[in-house]
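Here are some exercises to work through with the model open beside you. Try each task before reading its solution.

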Amino acid sequence: MLIVKSSPLKAVASADRLTEWFQKQRKSGKPIYYILPSNKYLQEARKCKVGMAFKTFDDLADLVLQKAKVDYFPVSESERALFFQELLARNPQRFFQQSAELRHKAKAYADTYGQLKRLGLTINDLPPQFKEMELVFQEYETEWVQKQRLLDPENRIHQAVAIKQQLDLNLEGIVIDGYLDFSTVQYMMIAYFVALGVEITVYLPAIEAAEIISETKAELRNLGFKIEPEPQYLKEIEPQIEVFSATTSKEEIYGVLQEIVKNHQQVPLSEVGILLADENTYHSKLTKIAFEKQIPITQPQKSDVKRSLLFQLMFQSLLKHNGRFLSRWDYLDIVDTLLRLHFLTSNDYIKQKKRFIDTGFLDSNLKESLEKMLEFRKSLPKKASLITYLKAVIEFLETSQLTLKWKEKLFIETNTAKLKQIRFEWKAYDYIMNFLAQKIAMLEMQELHGLQVSDHIFADWLNEGMQKATIYVERAPKQGVQLFTFRDVALFKGSHLYVIGMNEGTYPKGHKLSGYFQETDLKHLPIPFASPTRKLFRQKEDAFFSQLFSLADKLTFSYVVGLDPHHPLLPSPYLERWKSQIEGRKYSAVNRFTENESDSKRDYEEKVAYHVGIGKRVTSFPQKLENIANKLAAHERGTEEVSESWAEKLRRDKMSVTMLESYAMCPFKYALERILNIQEPLEKRTTLDFRDTGSMLHTIIEKFYHQLNLIGKPFGMFSDDMNETAETVLIDIFEKEWTAIEAKHQDFSMLKLAIEKVEWEKKLRKWWLAEKKHFWKNKHLQSMQLFRLEEAIELELPLDTDTTITLSGKIDRIDLDEDGFVIYDYKSGFASLHFEREVRPGLKLQLPLYLVAMETRLANGHYQLALATTFTEVPHNLTAHGAAYISLRDPQKRAGNSVWREEHFGKNSPFSIHASATKEETLEAETFLAKYELKQRIKALWEGSRQDFSVKPLKCINSCLYKPVCRVTQDQIEAGEGEWK
């Protein structure tokens, strides 16, 4: 007997109906399968404990396959995508994509195949434009479906309905309850059981004017079902409707929960339900905020197995690792997770991790655990049977002895939070072990010992298997707010239902077919039942929405309007008829914070903080907030000054020029770096340390000129023989110095170092070409000589009548002729010399002060002996020609990186000066210092460097090591950068 009955919404799987069918089951002595549309319906029905077998359509397919003694291994849709990936990866002649592209293509193929099966079709029915996939689909069915017997949900139904033999299912009947419509494959199952002669009763919800119900009745009538007349139900009283908009989804949740708290006296929590139009977006946010506001939600607290440290260790640190451990940084992820799994105290955890980063060593027991893990990862074959991988993971977990360590911790640990963490990890361990054992048992039972996959496919397969795995943390409270989706909202038994997330595009959802299928393809395909068109899905959503008006006395809809009033987000078209209610009724942070009442201490403090933040006077300001406000005010000022006694201790009458530059750039950074000596955090480097390469550069240049014996020699003495050997000497020195760089960067791969080496060799060759052009082969400078390299200097600089300080430094290069000298400073990176933006504020003082120091030394006769041996007649009154940075990025440049006396400009300049270089009438020391007020600036920097370390950067660089602890604001950065423009 095949019957379709109309059912009130709230009668779906009701206790009375279940009892009635149970009595029929008892009378017949055979089971009746009760089919329900969602897990929530199944859970609610099972609570009645009436002895019925509650099933899904997938369960019916499994029943048929088992009765027909068809052996198979069930796989999910996600696993099917992985098998397609394995299939495509086997044939490199067919696909040359990168691994990411291969994954996307495999998923698209798998989705297309799944959609084809959900349409009730076979490979032979593929549309013409998909024919290129036919061979891949056939290979999948031959290899995975027929040979390996791996059946996804769609193939299980297809194979079940393909069984022609008359099976004795020992069924009294099937009851299908709560469905609005059926998919194509579900109709196929219904038709199959009709053909077997099984009695089927279908209850369709009574939703007024629902087109989808009429469509379903028509399809069932074609299958031979008798449609009973729909009884006349009493007209429900129209519910009260409210519509609210919110600035964000978070504020929408806060607003709804606040409304529930306010109305709690009139409407108990057990009478309240929340329907999530977008479960993925709202569920975790809502449960978190409800927990903060201490509003019980009638759902058990669960935690995902994939969030456990144990699973992260297995999947991310081991299985997804490439197996190459070349440096301690490759081990760090494993070590960190391992330390946390041992549940050390905070201090011990930090000490052990720092010790490992610094030295690479661990305590013996941790080292032993780490070695076992590395041995496990390295022993995994690139390709093996699924059973081999599963057994390897089980063996690894059993020999890890983690449970023994957790047991020891449980006896001595007193911290409740840590005890809960250990308990959760242990439960995750048990779950994973059971999961692995069950998979092995199923594979062995189906004799799938030879099912081979790649190691990365196995890792993804295991990850997919854990995606929906959960562990119960706490039971659901007996009383509280109920959560629903449109699939199961008919279970709501209360009086007030909140429907949140009702935005355009969220509900109704934009429906599309899977894979490469388009809706136009449906018109030309022999789909046996219920073609899944947009119209069909819209009819279903219409019915879902219509049922709300029969479920509650009051409906409150809400959606997110956004923060931009000129481009608001739009409500669902279903809310169009109440549009007049929407304007100006918003859930927002401003409205929430201006509420007079608070439901918790935290809520109260947030509201007080908000009012203080907008400049309101608050009479009772909590001490905690006052302390925070004071700290924030201090941070905004950025003032950091030390006492007079400390200022005296920090006084330095002798300091390097680079220290002054460092203080000028950022006083706060100067204090951390040069006074507190705070070291930079250890981290894996992705670029060579600029300090090491800078030091290497200076060493190479000094050794190079020493070996060629060119220091103190005129440029004209550079011979052709020297030119032939010079580059070889340069590269030989570089090769030796590069070994030191490699020794300091052992964390780099050999390929990375090889690439860097080639780049540096190119830079040095380019540098030597520029050196020859500007100096050794420059016909206008034949009498000038390379006078000194790496010359250490000290300059006693009187700042005023009472104050003289000593500045130290090192001049990279000094060139000299009978008329004057030139200062050069070699840089491995970018170099500029802008006098107003960089010299006057003190950011670039080296070249200007080195010019002054060199002039002072010459005037004091410091080089008298050297000049006497160099020149036939000792020159007097040697003055500065100029100074320049030489950057290896562009060693020929003499533009914005140099300063020269004005007579050296022009076409005939022996120094090849660019017109954009800085031009000075004179570089005489006192005139030069006075023009740019350098004495006053140096005095201010010198005085500040012992007392004022405020957050006042003149130059804030993105690569600053101290960014994580710096509280500089964007306003302070802009103020500093704009001060000397």
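**Exercise 1. The six-stranded sheet**

In which sense do strand β10 and β15 pair, and over how many bridges? Then place both strands in their sheet and find a helix that packs on it.

Solution. Keep in mind that this is a predicted model.
- Step 1: Strand β10, residues 272–276, pairs with β15 in the parallel sense, and three bridges link them. To see one of the bridges, start at L275: its partner in β15 is F484.
- Step 2: Widen the view to the open sheet of six strands, whose order is β15-β10-β16-β17-β9-β18, with parallel pairing. Its edge strands are β15 (482–484) and β18 (586–587), each of which pairs on one side only.
- Step 3: Now look for helix α10 (residues 249–262), which packs on this sheet and touches β9, β10, β16, β17 and β18. The direction of α10 makes about 175° with that of β16.

**Exercise 2. Into the core**

Which residues have the most contacts inside the largest nonpolar core? Follow one of them outwards.

Solution.
- Step 1: The largest nonpolar core has 183 residues, and F193, L548 and F557 have the most contacts inside it. Helix α18 (residues 416–445) supplies the largest share of this core, 10 residues.
- Step 2: Take L548 and set aside its neighbours within four places in sequence; L548 is then in contact with L275, F486, V489, L497, V499, L555 and F557. You met L275 above as the bridge partner of F484.
- Step 3: Another core, of 56 residues, lies apart from the largest one, and M655, L795, L816 and A880 are among its members.

**Exercise 3. A covered strand**

How many residues of strand β7 are buried, and which way do they point? Find the strands that pair with β7 too.

Solution.
- Step 1: In β7 (residues 200–205), six of its six residues are buried.
- Step 2: In a regular strand, side chains alternate between the two faces of the sheet. Here I200, V202 and L204 point one way, while T201, Y203 and P205 point the other way.
- Step 3: Strand β1 (residues 2–7) pairs with β7 in the parallel sense over six bridges. Strand β6 (residues 173–177) also runs parallel to β7, joined to it by four bridges.
- Step 4: Focus on V202: V4 stands opposite it, and V202 is also the bridge partner of I176.
- Step 5: Trace the chain from β6 through helix α8 (residues 184–195) to β7, and you have followed a right-handed β-α-β crossover.

**Exercise 4. A hairpin**

What do β20 and β21 form, and how many residues lie between them?

Solution.
- Step 1: Strand β20 (residues 785–798) and strand β21 (residues 804–816) pair in the antiparallel sense over 12 bridges. One bridge partnership is that of A792 with K810 in β21.
- Step 2: The two strands, β20 and β21, form a hairpin with five residues between them.

**Exercise 5. Cysteines**

How many disulfides does the structure hold? Check C956 as a test case.

Solution.
- Step 1: The structure holds zero disulfides.
- Step 2: For C956, the nearest cysteine sulfur belongs to C966 and is 6.0 Å away. A disulfide needs the two sulfur atoms within 2.5 Å, and C956 is in none.
- Step 3: C956 counts as partly exposed because its relative accessibility is 23%. C48 also counts as partly exposed, at 32%.

Conventions: Residues numbered from 1 in each chain as written. Predicted model: local features only at pLDDT ≥ 70, side-chain atom pairs only at ≥ 80, totals over all residues. Heavy atoms only, no water. Buried < 20%, exposed > 50% of the residue type's maximum accessible area, 1.4 Å probe, protein only. Pairing = 2+ DSSP bridges. Contact = heavy atoms within 4.5 Å. Axes fitted to C-alpha atoms, helices over the stretch in contact; angles between N-to-C directions. Core = buried A, V, L, I, M, F, W, Y, C linked by side-chain atoms within 4.5 Å. Right-handed = clockwise from strand over helix to strand, strands pointing away.
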